[in-house]
Amino acid sequence: AMSKSAVKISSDLLSNPLCEQEPSFLEMVTAFDTAMKRMDSFNQEKVDWLWLENGSAGRIVESFSSVFPSLNMAVKRREQTLQDYKRLQSKVEKYEEKERTGPVLAKLHQ
C-alpha cells in the first residue's frame, strides 16, 4: 500500500506545472517516478512469489503456529466452526427442498 501511495505521489508531481517550467525539476521527478514504479513492481513480485510458494495464506499461518500457539488454536476453532456451518447449511437446504409440513417447518426453525 505504501509503494502504491509513492507511485501516486510521483505521478502527481509529474503533472505539477513546475515540471514544465523547470527542466531540472522534471528530470528529478521523472527519475523519482521511475524508481517508485520499479519499487512497486518489485513489491508486487514479492507478494506474488509468496503466494505461489506457500499456496495460500493458511500455509503462512501454519508456519507461525509453533511461535504463536494461540493462533494455531484460533485457526483450528475457525476451521471447526466453518465445517459446522457447512454441515448445518446443507441440512437447511435439504429441509427447504422438502414439502412444507409441520415437522419439517419445526426442524427448519431450530
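Three salt bridges, counted as 3 by the rule applied here, are found in this model; the rule requires a side-chain nitrogen of Lys or Arg within 4 Å of a carboxyl oxygen of Asp or Glu. The model is predicted, so that local features need pLDDT of at least 70 and side-chain atom pairs count only at pLDDT 80 or more, while totals for chains, interfaces and linings use all residues. Residues are numbered from 1 along each chain as its sequence is written, and side-chain values use heavy atoms, with hydrogens and water left out.

**Salt bridges**

Side chains of opposite charge can pair when their charged atoms come close. The pairs are listed below.

| Pair | N to O distance |
|---|---|
| Lysine 8 and aspartate 12 | 3.0 Å |
| Lysine 37 and aspartate 33 | 3.2 Å |
| Arginine 87 and aspartate 84 | 3.9 Å |

Helices (H or I, at least four residues) and strands (E, at least two) are DSSP runs, numbered from the N terminus. Lysine 8 and aspartate 12 are separated by about one helical turn because they stand 4 residues apart in helix H1. Lysine 37 and aspartate 33 are likewise 4 residues apart, about one turn, in helix H3 (residues 23–54). Arginine 87 and aspartate 84 lie in helix H5 (residues 69–97), 3 residues apart, about one turn of the helix.

Accessibility is classed as buried under 20% relative accessible area, exposed over 50%, and partly exposed in between (1.4 Å probe, protein chains only). Aspartate 33 is buried because its relative accessible area is 7%, whereas its partner lysine 37 is partly exposed at 44%. Aspartate 12 counts as partly exposed, with 39% relative accessibility. In helix H5, arginine 87 is partly exposed at 42%, and aspartate 84 is also partly exposed, at 27%.

**Serine 10 and its surroundings**

Serine 10 is located in helix H1 (residues 2–14). This residue is buried because its relative accessible area is 0%. Apart from neighbours within four places in sequence, serine 10 is in contact (heavy atoms within 4.5 Å) with Val29, Phe32, Asp33 and Met36. One of these contacts, Asp33, is also the acidic partner of lysine 37 in a salt bridge.

**The chain as a whole**

The protein chain has 6 helices and 0 strands, and its elements run α-α-α-α-α-α from the N terminus on. Of its 110 residues, 13% are buried. Among contacts between residues at least 6 apart in sequence, 29% join residues at least 24 apart. The chain exposes about 9100 Å², of which carbon and sulfur atoms supply 60%; accessible areas come from the Shrake-Rupley method with a 1.4 Å probe, and for residues only the protein chains shown count as cover.

According to an unreviewed UniProt entry, the annotation "coiled-coil region" covers residues 71–98; such annotations may be inferred rather than shown by experiment. In the model, residues 71–98 are 96% helix and 0% strand, with the end C-alpha atoms 41 Å apart.

**Confidence**

The mean pLDDT (the predictor's confidence in each residue, from 0 to 100) of the protein chain is 77, and 72% of its residues reach 70 or more. Among the elements, helix H5 has the highest mean pLDDT (83) and helix H4 (residues 57–63) the lowest (60). Where pLDDT is low, the predicted coordinates should not be read in detail.
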